[in-house]
Amino acid sequence: MQPNNQRKLTGARILIETLIEQGVSDVFGYPGGQVVDIYDELFKARRRIRHILTAHEQGAAHAADGYARVSGKVGTVIATSGPGATNLVTGIATAMLDSVPMVIITGNVPTRLIGRDSFQEINITGITFSITKHNYFVTDVNELADTVREAFQIAKSGRPGPVLIDIPKDVQTAKAYYSAAPEIQAIRQDPADDQQIEKAAEMIGNAQRPLLYIGGGAAATDLGEELISFAEKTDSFITSSFMGLSAIPSECERFLGMEGMHGRYASTKATVEADLIIGIGVRFSDRATGNTKRYAKNAKIIQLDTDLSEINKNVIVDLGLVGDLKNTFRLLADHVSPAVHTAWHERVSELKREGRMIFDKINESSRSSVSPRTFFDVINDLKQPETVIATDVGQHQMWTAQYIKFEQPRRFVSSGGLGTMGYGMGAAIGASAATGKQTILITGDGSFGMNLNELATAVTYRTPLVIVLMNNSVLGMVRQWQTLFFGGRYSATKLDRKTDFVKLAQAFGAKAERISSAEEFRAALSRALKQNGPYLIDVPIDKDELVLPMIPAGGSLEDLITTDERKTQQ
Amino acid sequence: MNRYVLSVYVENKYGVLTRVASLFMRRGFNIDSLTVGETENPEYSRITITLRGDDYTCEQIINQLKKLHNVKKVKLLAEGNKVERELMLIKVRNTPENRNDIMAAAEIFRAKIIDYSTEYMCVEVTGEPSKINAFIDVLQPLGIVEMCRTGAVALERGSSILVK
């Protein structure tokens with residue numbers, strides 16, 4: 001390709017032009033020695049592409065991830081070689097485990113210095129083999145533009161995921177011809193074949209107690225309304241994995257909530273009693289299924305997924321439908337016949353009633369002066385339907401999953417698969433960058449402590465962000481395990497720090513306050529939601545609060561813990 | 001435990017072998033052998049993998065391999081519809097007592113003596129992996145000093161072709 005009316009451009013310039021051509025309007029990152037050429041081009045292109053500078057590369061990776069989850073676009077992040085690249089690793093792994101489309105650009109030392117343990121040299125492609133969908137080490141500037149395009153295509157095709165491109169400095173400075181190309185489309189995947197769809201429809205027709213089990217794939221493909229119509233047509237109910245939350249409105253009559261370790265009682269119980277489970281974009285993770293030998297033991301299982309390798313991976317299914325998820329589901333919806341299952345309906349209503357009673361009892365047995373659920377009720381009252389809820393990892397995350405009423409898809413941003421403490425700050429900043437609107441980050445003092453440096457980023461960019469810090473001075477989730485399964489030996493979970501989070505947030509330039517009652521929380525949250533810029537609310541929680549109900553790891557419904565059996569704490 | 005032979009057609013690009021090998025480590029799959037070499041098209045390589053396990057493991061491996069971007073085709077070669085060969089070089093002690101036994105075994109197995117010194121002999125043998133194993137069994141009591149196996153390569157019989 002050598003159009004005579006064109007000048008040669010540097011690799012750095014070609015990279016930026018290709019990002020813009022691929023529809024990237026925001027990029028997160030942190031500069032350094034081996035990406036200084038790229039940053040020079042970013043400066044020159046600053047009116048066409050916005051760069052958001054974080055406090056740490058990990059924050060940038062999580063921000064790109066949060067941005068992608070909310071917008072449905074490919075998140076983009078840039079970091080330098082060596083420590084810049086390794087700081088991204090947790091962020092890349094988080095995106096991989098939750099199938100989030102991302103393109104990660106790293107600089108590297110010049111080709112002639114590769115392999116010599118040069119300053120800030122690291123083999124980041126080697127490090128990220130198993131946490132990327134694919135990665136590239138670019139050695140020829142002439143291949144750069146097409147490599148970037150292919151990376152975007154891989155990131156968004158089929159089951160999305162992160163793709164890394166490592167570019168040595170001499171490739172950034174070398175020159176090549178560039179001509180703009182249209183935004184590359186995802187590779188089209190055929191739906192599952194008709195015969196299988198007919199077979200699935202027949203199985204659904206024969207079922208008396210059908211249950212849809214939806215996951216991250218259902219959420220990412222925006223199946224929302226169609227799932228509900230399907231459930232209504234076939235008179236089935238819907239449960240979700242953690243990643244499937246927010247795919248449909250939480251208050252939907254057909255929805256029984258999340259299933260699994262900290263799932264809703266009705267949801268988990270319905271899984272045991274169902275005679276057919278239809279998994280939709282869900283990988284039957286161990287956190288959801290518990291002991292797979294006893295999982296859904298009365299049910300046949302149909303699994304719809306875009307990824308062939310998910311079929312029979314965690315549970316053996318009776319029928320796997322592999323293909324484009326949306327179209328496969330639509331074809332199936334066309335093929336199923338309307339049904340009425342009165343007995344199942346009555347049974348599910350009963351389970352819902354029992355579940356509500358269990359939840360109320362859990363709430364009453366709260367040890368805090370204000371129970372955690374009370375705070376979530378206030379958040380549910382004050383948030384807008386489109387408000388993004390982000391979380392970190394731990395007890396607050398599971399309470400969020402249990403209590404937050406999601407109203408719109410793509411409004412829940414949380415690290416499900418990897419369970420990355422410290423994910424929240426970066427992800428929430430990325431989410432707000434995507435929507436331009438308020439994000440509520442629900443976090444804990446443990447998780448927040450891991451990446452609170454990103455407060456500086458939120459202040460600088462006036463990120464509309466409310467941080468609800470559920471502060472119990474302990475690592476609550478691990479402490480809960482120690483309480484229940486380790487005889488109360490609280491090894492390394494008492495934080496007992498003297499950190500004043502209000503002053504800390506203020507020192508970063510954010511507004512902050514501490515509350516001590518539900519009324520104060522309501523007033524504080526109303527104030528916070530009107531702010532333009534980060535606002536931290538320090539919310540006290542008792543250190544012995546438990547997330548219930550709970551099925552112990554590897555257990556099944558018979559092992560369900562619904563009440564806090566301990567005597568009052570000494 | 002069954003034995004499976006997989007033929008994997010991959011792009012001849014940076015890091016492909018590492019990607020395939022690291023997949024086995026990451027997913028906890030055990031393999032018996034892995035060989036790789038160029039194909040009739042220099043842009044592609046062919047990897048032959050032999051493994052022991054059950055149908056479940058084999059299916060998982062195939063599905064995971066298919067997800068790798070540089071992997072263009074994966075096929076399980078059916079028992080009875082493939083030709084399979086492995087090559088081994090094996091060095092044995094050359095003493096007046098065992099010299100005739102080694103040469104007789106080599107003759108029967110249609111092996112070749114490719115290096116001969118006063119102390120050692122090096123024998124080259126080609127065949128199905130089971131034949132190689134049998135040859136090792138025969139030489140074992142005679143004093144094997146060192147050996148090197150290539151791992152199996154295999155093609156389908158008749159008109160079956162992996163990539164047309």
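1. pLDDT is the predictor's confidence in each residue, on a scale from 0 to 100. For chain B its mean is 94, and 100% of the residues of chain B reach 70 or more. The structure is a predicted model, with an ipTM of 0.88 and a pTM of 0.95. On reading such models in general, coordinates should not be read in detail where pLDDT is low.

2. Overall form of chain A. The chain holds 23 helices and 20 strands. Its radius of gyration is 24 Å, close to the 25 Å that the globule rule gives for 570 residues, so chain A is as compact as a globular protein of that length. Along the principal axes, the C-alpha atoms of chain A fill a box of roughly 75 × 65 × 40 Å.

3. Burial and contact range in chain A. Of its 570 residues, 55% count as buried. If contacts are restricted to residues at least 6 apart in sequence, 78% of those in chain A join residues at least 24 apart.

4. Domains of chain A. The division is into domain 1 (8–177), domain 2 (194–351) and domain 3 (367–544). Between the C-alpha centres of domain 1 of chain A and domain 3 of chain A the separation is 30 Å. Each of these two domains puts 26 residues into their contact.

5. The domain 1 side of that contact. Three elements of chain A each supply at least two residues here: strand 2 (26–29), helix 3 (57–71) and helix 5 (89–97). The most comes from helix 3 of chain A, with 13 residues. By class, the side of domain 1 of chain A that touches domain 3 of chain A has 11 nonpolar, 11 polar and 4 charged residues.

6. Strand 5 of chain A. This strand covers residues 102–108, and 7 of its 7 residues are buried. M102(A), I104(A), T106(A) and N108(A) point one way, while V103(A), I105(A) and G107(A) point the other way. The general pattern for a regular strand is that side chains alternate between the two faces of the sheet. In strand 5 of chain A, the residues pointing either way are all buried.

7. Partners of strand 5. Strand 4 (residues 75–79) of chain A pairs with strand 5 of chain A in the parallel sense, over 5 bridges. In this pairing G75(A) stands opposite M102(A). Strand 7 (residues 162–168) of chain A also runs parallel to strand 5 of chain A, joined to it by 7 bridges. There I104(A) stands opposite L164(A).

8. The six-stranded sheet of chain A. An open sheet with parallel pairing has 6 strands in the order 16-15-17-18-20-19. Strand 16 (412–413) and strand 19 (511–514) of chain A are at the edges with a single partner strand each, so one side of each has no neighbour in the sheet. Within the sheet order, strand 17 is followed by strand 18. These two, residues 439–444 and 465–471 of chain A, run parallel and are joined by 6 bridges. T439(A) stands opposite L465(A) in strand 18 of chain A.

9. Helix 17 of chain A. The helix spans residues 395–403, and 8 of its 9 residues are buried, so it is largely enclosed by the rest of the structure. The buried residues are Q395(A), H396(A), Q397(A), M398(A), W399(A), T400(A), A401(A) and Q402(A). What covers them includes strand 15 (388–391), strand 17 and strand 18 of chain A. Also among the covering elements are strand 11 (255–258), helix 16 (372–382) and helix 21 (476–485) of chain A.

10. Domains of chain B. Chain B is divided into domain 1 (2–76) and domain 2 (82–153), with C-alpha centres 28 Å apart. The contact between them takes 6 residues from each domain. On the domain 1 side, strand 2 (33–38) and strand 3 (44–53) of chain B each supply at least two residues, and strand 2 of chain B gives the most, with 3 residues. By class, this side of domain 1 of chain B has 2 nonpolar, 4 polar and no charged residues.

11. Contact between the chains. Here 10 residues of chain A are in contact with 13 residues of chain B. The side of chain A that touches chain B divides into 4 nonpolar, 5 polar and 1 charged residues.

Terms used
Residues are numbered from 1 along each chain as its sequence is written. Chains are lettered from A and ligands numbered from 1 in the order in which they are written. This is a predicted model: local features need pLDDT of at least 70, side-chain atom pairs count only at pLDDT 80 or more; totals for chains, interfaces and linings use all residues. Two residues are in contact if their C-beta atoms, placed from the backbone, lie within 7 Å. Ala, Val, Leu, Ile, Met, Phe, Trp, Tyr, Cys and Pro count as nonpolar, Asp, Glu, Lys and Arg as charged, and the others, Gly among them, as polar. Helices (H or I, at least four residues) and strands (E, at least two) are DSSP runs, numbered from the N terminus. The radius of gyration is taken over C-alpha atoms; the globule rule is 2.2 Å times the number of residues to the power 0.38. A residue is buried if 20 or more other C-beta atoms lie within 10 Å of its own, exposed if 12 or fewer, and partly exposed in between; C-beta atoms are placed from the backbone. Domain bounds come from an automatic or database domain assignment. Two strands pair if DSSP finds at least two bridges between them.
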